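Subject: Structure for your review

Dear colleague,

Please find below the structure that I am handing over to you. I would be grateful if you could read the notes underneath with the structure open beside them.

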Amino acid sequence: MLKITFVQLDGARRDVEASAGISVMQAATRNGVAGIDAECGGACACATCHVYVDEAWRERVGPPQGGEADMLEFALEVDPDRSRLSCQITINEALDGLVVHLPAAQQ
């Protein structure tokens with residue numbers, strides 16, 4: 001199992017364990033992480049799973065691509081350097097320990 005940390009606006013951290021191959025959004029919803037609504041179920045069609053990738057992880061996670069970049073236009077409080085849709089980040093061994101922050105608008 002791999003670890004993903006979700007950081008709330010107040011700094012509270014929630015560590016969850018997840019299997020490789022699922023999305024960060026799936027890890028959040030399966031573990032009841034508040035602030036990740038995932039209304040579209042991971043179809044990259046709603047932006048309710050918006051997260052900020054922690055600075056230390058940005059390069060490893062990479063930038064949004066294609067439809068994700070377009071969908072981020074509908075998210076609130078987008079940071080062009082850190083914003084990603086968690087449904088589009090697939091967990092793998094290289095992301096073990098990933099830290100993402102939740103936007104204030106989703107809390």
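The notes below cover the cysteines, the nonpolar core and the salt bridges. Please bear in mind throughout that this is a predicted model.

Cysteines

The structure contains zero disulfides. Two of the cysteines illustrate the reason. For Cys40, the closest cysteine sulfur belongs to Cys46 and lies 3.6 Å away, which is too far for a bond, because a disulfide requires the two sulfur atoms to be within 2.5 Å. Cys44 has its closest cysteine sulfur in Cys87, at 4.9 Å, and this is likewise too far for a bond. As to their surroundings, Cys40 is partly exposed, with a relative accessible area of 25%, whereas Cys44 counts as buried at 17% relative accessibility.

Nonpolar core

The largest nonpolar core comprises 33 residues, and the members that touch the most others are Phe6, Ile36, Leu85, Ile89, Ile91 and Leu98. At least two residues of this core come from each of the strands β1 (2-7), β2 (13-18), β3 (50-53) and β5 (98-101), and from the helix α1 (24-30).

Leu85 merits a separate remark. Once its neighbours within four places in sequence are set aside, Leu85 is in contact with Cys44, Ala47, Cys49, His50, Glu68, Met71 and Leu72. Two names in that list recur in these notes: Cys44, the buried cysteine discussed above, and Glu68, which takes part in a salt bridge with Arg84.

Salt bridges

The count comes to three salt bridges.

- Arg84 and Glu68: the closest N and O atoms are 2.7 Å apart. Arg84 belongs to strand β4 (residues 83-85) and Glu68 to helix α3 (residues 66-71), so this pair ties together parts that are 16 residues apart in sequence. Both Arg84 and Glu68 are buried.
- Glu55 and Arg58: here the closest N and O atoms are 2.8 Å apart. Glu55 counts as exposed, at 54% relative accessibility, while Arg58 counts as partly exposed, at 28%.
- Arg82 and Asp79: the closest N and O atoms of this pair are 3.0 Å apart. Arg82 counts as partly exposed, at 25% relative accessibility.

To draw the threads together, Leu85 is among the core residues that touch the most other members, and Leu85 is also in contact with Glu68, the buried partner of Arg84 in a salt bridge.

With kind regards

Notes:
Residues numbered from 1 in each chain as written. Predicted model: local features only at pLDDT ≥ 70, side-chain atom pairs only at ≥ 80, totals over all residues. Heavy atoms only, no water. Buried < 20%, exposed > 50% of the residue type's maximum accessible area, 1.4 Å probe, protein only. Core = buried A, V, L, I, M, F, W, Y, C linked by side-chain atoms within 4.5 Å. Helix = DSSP H or I, 4+ residues; strand = E, 2+ residues; numbered from the N terminus. Contact = heavy atoms within 4.5 Å. Salt bridge = Lys/Arg side-chain N within 4 Å of Asp/Glu carboxyl O.
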